[in-house]
Amino acid sequence: MMNGPGKSDRPIVPVKSPNKAGRPAAEAMEGRGRPKGNPVSQTMHRTQGRERMQRAWKRVREAGRKDRKTRLTSLFHHITSVDALREAYRRLNRQAAPGVDGVRWKQYGAELEANLQDLSARLKRGGYRAKPVCRTYIPKADGRQRPLGVTALEDKLVQTSAVETLNAVYENDFLGFSCGFRPGRGQHDALDALAVGIEKKRIAWVLDADIHGFFDAIDHEWMMKFVEHRIGDQRVVRLIRKWLSAGVLEDGTLRQVEEGTPQGGSISPLLSNIYLHYVLDLWADRWRKAHAAGEVIIVRYADDFIIGFQSKSDAERFLGELRERLAKFSLELHPEKTRLIEFGTYAAERRLRRGLGKPETFDFLGFTHICGKAKNGWFQLWRKTRRKRLQTKLHEIKIALRRRWHEPIKQVGRWLGSVVAGHIQYYGVPYNLKALWSFRAQVTRLWRRALERRSQRAAVSWARMARPRERFLPPALICHPYPDQRFRARTQGRSPVR
């Protein structure tokens with residue numbers, strides 16, 4: 001007989017029915033109970049928590065979609081719940097370097113539930129303190145150093161949880177031509193939108209713009225004003241202030257910062273998008289509707305953006321007003337990376353009539369964009385791997401091969417195969433096949449030279465090198481469709497460049 005509610009806390013043990021119903025069973029077999037020491041599965045907790053958070057984010061999206069001028073005042077509990085923090089922990093990079101706390105992902109997860117409960121409690125009672133960001137530098141393609149912040153693990157957890165909740169708010173507000181650091185969008189979405197805009201619109205001039213030191217120049221006071229346009233929960237606002245004012249630890253010295261966001265933090269990309277949404281996107285969208293005489297396309301990825309114009313007068317006027325607009329918010333265009341060039345369907349013909357050379361090219365997201373021609377003589381946009389990016393990648397491979405001289409050929413081959421595959425996956429766009437084959441050939445040459453230098457035997461012939469090359473290095477293939485095909489499929493006629 002089954003026990004009623006509250007009668008017993010013991011698990012119910014089913015009894016196997018006798019073979020012959022209606023007769024007394026000679027022997028009834030006892031059922032199998034739960035294994036000892038195996039309570040409710042952690043996987044079940046994670047799944048249920050993830051489902052709860054998905055429902056919570058859906059409610060936030062719906063609330064933000066109803067009225068885009070409404071300030072949301074109840075978001076803090078979505079960020080600080082144990083379910084949200086657990087989901088954030090699952091999304092973190094497990095191999096990331098530790099911050100000032102010295103705690104790694106695996107170490108924190110040894111007592112995950114207890115740590116998350118403690119973190120959630122500190123957040124709710126106001127006991128959470130943001131730790132300084134360790135600053136390190138990584139080399140850039142142009143030889144300069146890019147500052148990178150390494151955040152403490154608990155700060156990463158809370159920031160990742162905040163990003164998920166705030167994305168549910170701001171994805172309703174961000175404009176379609178903003179493609180950087182947004183869910184479901186990436187570099188190739190920006191590249192496709194730009195290619196379709198140049199080929200399908202009457203674009204004759206291109207403004208290739210870059211904001212000088214953007215992440216280090218963000219004004220904190222303006223940043224908080226922009227956040228408070230939509231976020232009315234002061235507890236969330238205070239969290240963001242803590243992260244912005246946590247300070248930077250560089251060479252053992254703690255330095256307070258009054259501007260900029262630390263590159264490397266989980267919250268930094270979202271804050272940069274919010275800043276540029278109010279400073280640039282809304283203003284540029286209004287400008288092209290109110291002042292442009294011809295067609296204008298805009299594509300932005302983080303602080304890099306390309307704007308195409310039909311009229312040169314529109315382009316020159318926009319550039320002048322853009323400088324004034326950015327100056328109001330402590331920003332300026334990079335003097336060397338900002339150019340206005342003649343580019344588009346008829347650029348080659350017009351320059352030829354004026355006795356000028358071929359149209360200039362511009363770089364965007366690792367590709368050099370070129371005014372080319374199809375077999376029938378019509379205009380066609382060509383995108384080639386940027387030369388500096390290619391040279392930098394080959395140099396990195398050369399240095400890494402020196403450290404791997406004494407590793408087995410199979411191990412080195414698998415690593416090189418993953419490097420080549422990743423390169424092809426990104427740069428495998430139409431009309432770039434020649435550059436892909438060149439990259440694969442250069443990697444093979446570097447590998448052959450490394451094999452020769454690690455041994456005192458005879459030189460490794462190209463015939464002998466063919467076997468490991470074909471075995472480990474994937475062939476160069478075009479793995480991305482034509483821009484207009486994917487762009488039309490993704491946008492379904494709702495063009496984000498309009």
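**Exercise 1.** Does Arg-486 count as buried or exposed, and at what relative accessibility?

*Solution.* Before starting, note that this is a predicted model, in which local features need pLDDT of at least 70 and side-chain atom pairs count only at pLDDT 80 or more, while totals for chains, interfaces and linings use all residues. Residues are numbered from 1 along each chain as its sequence is written, and side-chain values use heavy atoms, with hydrogens and water left out.

Step one is to fix the scale: buried means under 20% relative accessible area, exposed means over 50%, and partly exposed lies in between, with a 1.4 Å probe and protein chains only. Step two is to place the residue, since Arg-486 lies in helix α18, residues 483-491, where helices (H or I, at least four residues) and strands (E, at least two) are DSSP runs numbered from the N terminus. Step three is to apply the scale: Arg-486 has 19% relative accessibility and therefore counts as buried. Step four is to list its surroundings, taking contact as heavy atoms within 4.5 Å: leaving aside residues up to four places away in sequence, Arg-486 touches His-188, Asp-192, His-480 and Pro-481.

**Exercise 2.** Decide why helix α3 is described as largely enclosed by the rest of the structure.

*Solution.* Begin with the count: helix α3 covers residues 82-91, and because 8 of its 10 residues are buried, it is largely enclosed by the rest of the structure. Then identify them: the buried residues of α3 include the charged-to-aromatic run Arg-86, Glu-87, Ala-88 and Tyr-89, preceded by Val-82, Asp-83, Ala-84 and Leu-85. For the whole protein chain, buried residues make up 45% of the 498 residues.

**Exercise 3.** Describe the open sheet of 4 strands by its order, pairing and edges.

*Solution.* First read the order, which is β6-β7-β3-β8 with antiparallel pairing; two strands pair if DSSP finds at least two bridges between them. Next find the edge strands, β6 (296-301) and β8 (339-342), each of which pairs on one side only. The twist from one strand to the next averages 15°.

Now look at one pair in detail: strand β3 (residues 205-210) and strand β7 (residues 304-309) pair in the antiparallel sense over 6 bridges, and Leu-207 has Ile-307 as its bridge partner in β7. Finally add the helix, α11 (residues 268-290), which lies across β6 and β7 and runs at about 175° to β6; axes are lines fitted to C-alpha atoms, for helices over the stretch in contact, and angles run from 0 to 180 degrees between N-to-C directions.

**Exercise 4.** Work out how helices α14 and α15 are arranged, and which residues make their contact.

*Solution.* Start from the geometry: helix α14 (residues 387-403) and helix α15 (residues 409-427) pack at an angle of about 170°, with their axes 12 Å apart. That makes α14 roughly antiparallel to α15, a term used for angles over 145 degrees. The contact residues include Leu-390, Ile-397 and Leu-401 of α14, together with Trp-415, Leu-416 and Val-419 of α15.

**Exercise 5.** Compare the settings of Ser-330 and Leu-365, and state which phi value each has.

*Solution.* Ser-330 has a positive phi of about 65° although it is not a glycine; Ser-330 lies in the loop between α12 (312-327) and β8, and it is partly exposed, at 42% relative accessible area. Leu-365, also not a glycine, has a positive phi near 55°; Leu-365 sits in the loop between β9 (362-364) and β10 (367-373), and it is buried, at 12%.

How values were computed. Angles under 35 degrees count as roughly parallel, over 145 as roughly antiparallel, 65 to 115 as roughly perpendicular and the rest as oblique.
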